Amino acid sequence: MSEIFIDGKRYEFEGKPKLLQFMLDHGLEVPFFCYHPSMSIPANCRQCMVKLGQYQKDRETGEYELDDDGERQIRWFPKMMTSCSTTMSDGMVVQTQETSEEAARAQKDTLEFILINHPLDCPICDQAGECPLQIQTYKYGPEGSRFEVQKVHKPKRVQLGPRVTLDAERCINCTRCVRFADEISKSHQLTIVSRGDKNYPATSPDETFDDPYSLNTVDICPVGALTSTDFRFKARVWEMNQTPSIDITNGKGCSVDFWTRDNLILRITPRHNPEINDYWMPDAGRDAYKLFNENRVSRPDLKLDGDNQTKTSWNNAIQTFAEVLEAHKPEEVLVIGSPHASVEENYILQKFFNVFGVSDTNFVPHIVPDAGDGFLLTDDQAPNTNGCRLLKLQEQSDAVLQQALSSGDYKVVVLLNDDLIGRDVLNSDAFDAPFVISLATNNTATTKASDLVIPITCIAEHAASYVNIDGRIQRSYPAKETKYTNRRLNLEMSEGRLDRFGTNFDNWVTEDNKVDCLPAWEFFSRLADRMGIELEFENSRDILIEINETVPAFKDVTYERIDEEYGVQLPLNQEEVKQA
Amino acid sequence: MAQDWKDYEPVLLPNIPDIHKIDVYMENGGYETIKNVLESDEWTPEKVTNEVKAANLKGRGGAGFNAGLKWSFMPEPDGGPRYLAANGDESEPGTFKDRKIFEYNPHQFIEGALIASYAMTIDVVHVYIRGEYKSWIDMFQKAVDDAYEKGFLGKNIFGSGHSVDMYVTSGAGAYICGEETGMMESLEGKRGYPRTKPPFPAQKGLWGRPTTINNIETLTNVPLIIKNGSDWFKNIGPDDHPGPILYGISGHVNKPGVYELPSGMPIKTLIEEVADGIRGGKKFKALIPGGASTPVLRADMCEGVTMNADSLREAGTLMGTAGMVVMDEDTDMVEVLWRITHFFHHESCGQCTPCREGTGWLEKLLLKIREGRGEVKDLDLLLDLTTQMEGRTICALADAAAWPVRNTINRFRDEFEQRCKKTAHALA
């Protein structure tokens, strides 16, 4: 066990950790820009400088040398050292800006240099509010500027690739983006060009930064130099609220945050999860925000004649659903779950129809061969395939399902949120004969072909859990309100500055963005009530408690445990998962 | 020493016509030393290293570190590749000595590199030459080709089993690629960003393998030390910095050029006798003794100072590369300093914040003073900036940019203030 003294306090450590990371891990703050825990350490921003010394030890005895007053002798390094690149050693003495004037001065000096050529455009910069340079300047920077000569001008509004826009003047040349493309996504598409204060990141001539992970560079950019072409100028950071969730566009299920303002998801960013995605996520997953805002099913749809659907009331939808079921025998009902829906939604579907008398709930995995890349993209295009397997839903191939439908045995099809026609599992005429009831979040080819469409909440509107491709269960939180929920009454919902301090009379508030839909469990509880079936769940939390009591794979899994850890690893035994 | 400098027989650039040709070099004992080293059992690698260490051969690239000591930092061979990188990127303004070696005595350098690679059990030598030296790269490549043809380079040299391959690489016009770790990045085909140390090149150098980097002139001295012994070498010039030196004298002198003379020559002798005095009979005003980054000396500070490390340190400057820039009484020090800051601004690689931003700020302030818009407070700001840059970066370029500013302003403060006061007067 070695010891180190930071600002007069003793810490123990083992191995050879880097000083900056050690201090961050222990809640100590030192300003920095270029350092990133998942990438190499270039020590180029020179911001994390500290005063470094070493207690002198006697070479022979290994004991600390003492001076005449019995104090340990310190040998100070002649220069300020960057803590990010300093490997800790036994008996090291560190003074940060908290205890050393020199260290504070060195940090202020570097910040002054960083700021001289940085444009003062925070009021129109997307990064403002979540900008390490802005925050650290407030805390550690000089009061004013002594720079009274011309700033350097560099290219602005450079479209580096389809999704990333560069403002080279804001760049502080930390090289995080270059290192990301070299070390993490390995596309090697970025480099720094030119020299000295004229340098900035760029692609090779005629190359475009179309890396499938390119938007991560926007997240790690410590200033507003790299911005998302899609998101820039859409919202100020402090107007949005941030809600933890999961990427639902593939099987990896990256941990993400949904950023909401006025019940619209405006952007999706990765959330640190060392067990799944570290600090990163694919660009494709960020585009999913549109799914939550646009083309939603709002109010139930009922097909009256031909292909024409019309909006109907919830009472009428429930009544119709009940009547259709009551008019048929359980053997005539085909129930299809969905890898795109949560564990709780699939469970309530399965349970409702078990009670009704249907023994099997089926599902069709959504696999696109060669879509995966061994990193964060997977062949599996659905977030909960393993959840369906662990709940023992019947895994069916496209052909088997198509055949079942064309056999004419099934008069009623109940389908949980899965665009089977859109993703070519079924032909568009497969739904012609039976009465099809879709529970869906978005309008698709499948809902269009359905006789009754029940709008249900999407991942952004409910708390529910999903099991990723590696068997890790994570969960979402409600990020946007529906017609029937209220941010101020739901303690799980986060509140942004506007939500907290705004009123219903503010001009930014609209009711238009609230979708008229219900969580699947609430809908089935109401339907059960109408049909006299015993089934009552008030929320998804209770459903998961029942699942962990009844399904062995989910033993002891609760929302509390998922929240405390980085999700929970479920036993993903192939024998158990693979259906016979 | 000063008296008999005219009798000195040059050994780095000897007065032998056509010595650059391999046949002439061999007729004059060339490649005999390496042959002897490889063939005799007496010359173990350790003995070669110790001989060079004992000679106290100080690196001629500017830092002046004992070359033999540097060699001894190489770890034990582990069967993997190890490299010698010879630095011929001399880009420091006022320095132009290595190109004389490429032109007039390339084989002595090659022989020195061979001895060094034997001493460190190295079989690959990379010679990095600045891109502006196109003609000299061609000349040197010819020498390398000739040496290969004679079997002095390549496999199994003199049947000893020792093999050395030598590769010549051209820079592309960046000063920072003369910094040893920047040079390694450039050799690896990367952007010339200096690396953080540790790890030092001897631990992790080219392609992550043990590497030693020596200056061209340093390696050219090596055959002489092995041939004549370390005592012979130590007897040339003062003890703290012995050996022959290529003085590159430029500026306002009648006969500028590269002169090979013993270390420790009095500055006065070098200017007045060797370079035949100041042009047009003008008065001597200032001297930059070892390339643009070494602190400038006023004429009065040069009294009795000799060109060796200790004497120059006492005078308040550094030996550097012995590229001496001599300035006469008409020289405008504001102009000189602006030109130097312009150079470092242009050449900062931009990796570290203090250097990237500081060099630009320094130049812009000097430009302001030069254009007659300066204020006295700008001088103090300049001095402040030098302390904000010095010792805060990965490599020494920020130091190299800061020292001339600090020392030129401090040593010619009147001249700078005069220029700034004119502005104050004009503004009033």
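Is B:Gly61 buried or exposed? I began with this residue, and I note at once that the model I consulted is a predicted one.

**Entry 1: a glycine in chain B**

I found B:Gly61 to be buried, because 27 other C-beta atoms lie within 10 Å, and a residue counts as buried from 20 upward. I located B:Gly61 in the loop that runs between helix H3 (45-54) and helix H4 (67-72) of chain B. I then looked up what B:Gly61 touches: setting aside residues up to four places away in sequence, I recorded B:Asn87, B:Asn215, B:Thr218 and B:Thr321. I also checked B:Glu179, which is 118 residues apart from B:Gly61 along the chain; their C-alpha atoms are separated by 9.7 Å.

**Entry 2: two helices of chain B**

At what angle do the axes of H6(B) and H9(B) cross? I read roughly 75° for helix H6 (residues 106-119) and helix H9 (residues 216-228) of chain B, with the axes coming within 7 Å. H6(B) is therefore roughly perpendicular to H9(B). On the H6(B) side, I listed B:Gln108, B:Phe109, B:Glu111, B:Gly112, B:Ala113, B:Ile115 and B:Ala116 as making the contact. From H9(B), the contributors are B:Ile216, B:Leu219, B:Thr220, B:Asn221, B:Val222, B:Pro223 and B:Ile226. I sorted the residues of this contact between H6(B) and H9(B) into nine nonpolar, four polar and one charged.

**Entry 3: where chain A meets chain B**

I next turned to the contact between the chains, in which 26 residues of chain A are in contact with 26 residues of chain B. On the side of chain A that touches chain B, helix H2 (101-116) and strand E9 (191-193) of chain A each supply at least two residues. Which element gives the most to that side of chain A? I noted H2(A), with six residues. By character, the residues on this side of chain A divide into eleven nonpolar, nine polar and six charged.

**Entry 4: chain A as a whole**

I counted 17 helices and 25 strands in the secondary structure of chain A. The C-alpha trace of chain A spans about 95 × 60 × 50 Å along its principal axes. Of the 580 residues in chain A, 48% are buried. Among the contacts in chain A with a separation of 6 or more, 65% join residues 24 or more positions apart.

**Entry 5: strand E3 of chain A and its partners**

Strand E3 (residues 49-55) of chain A repaid a closer look. I saw E3(A) pair in the antiparallel sense with strand E5 (residues 81-82) of chain A over two bridges, and there A:Met49 has A:Thr82 as its bridge partner. With strand E6 (residues 92-95) of chain A, E3(A) pairs antiparallel over four bridges. E3(A) is also joined to strand E4 (residues 74-76) of chain A, by three bridges, and these two strands run antiparallel.

What stands opposite A:Gly53 in E6(A)? I found A:Val93 there, while in E4(A) the bridge partner of A:Gly53 is A:Trp76.

**Entry 6: a three-stranded sheet and a helix of chain A**

I followed an open sheet of three strands in chain A, in the order E23-E24-E25, with antiparallel pairing. Strand E23 (465-467) and strand E25 (568-569) of chain A are its edge strands, each pairing on one side only. Strand E24 (residues 472-475) of chain A pairs with E25(A) over two bridges, and A:Ile473 has A:Val568 as its bridge partner in E25(A).

I then examined helix H15 (residues 540-550) of chain A, whose buried residues are A:Ser540, A:Ile543, A:Leu544 and A:Ile547. Seen down the axis of H15(A), these buried residues fall within an arc of 95°, so they line one face of the helix. E23 of chain A reappears here, for what covers the buried residues of H15(A) includes helix H9 (343-356), E23, helix H14 (520-531) and helix H16 (559-564) of chain A.

**Entry 7: an asparagine in chain A**

I closed with A:Asn273, in the loop between strand E14 (264-270) and helix H6 (283-286) of chain A. A:Asn273 counts as buried because it has 21 C-beta neighbours inside 10 Å. Which residues is A:Asn273 in contact with, leaving aside its neighbours within four places in sequence? I recorded A:Ser255 and A:Tyr566. I also looked up A:Pro339, which is 66 residues from A:Asn273 in sequence and 22 Å from it in space, C-alpha to C-alpha.

Definitions and conventions. Residues are numbered from 1 along each chain as its sequence is written. Chains are lettered from A and ligands numbered from 1 in the order in which they are written. This is a predicted model: local features need pLDDT of at least 70, side-chain atom pairs count only at pLDDT 80 or more; totals for chains, interfaces and linings use all residues. Axes are lines fitted to C-alpha atoms, for helices over the stretch in contact, and angles run from 0 to 180 degrees between N-to-C directions. Angles under 35 degrees count as roughly parallel, over 145 as roughly antiparallel, 65 to 115 as roughly perpendicular and the rest as oblique. Two residues are in contact if their C-beta atoms, placed from the backbone, lie within 7 Å. Ala, Val, Leu, Ile, Met, Phe, Trp, Tyr, Cys and Pro count as nonpolar, Asp, Glu, Lys and Arg as charged, and the others, Gly among them, as polar. Two strands pair if DSSP finds at least two bridges between them. A residue is buried if 20 or more other C-beta atoms lie within 10 Å of its own, exposed if 12 or fewer, and partly exposed in between; C-beta atoms are placed from the backbone. The arc is that of the directions from the helix axis to the C-beta atoms.
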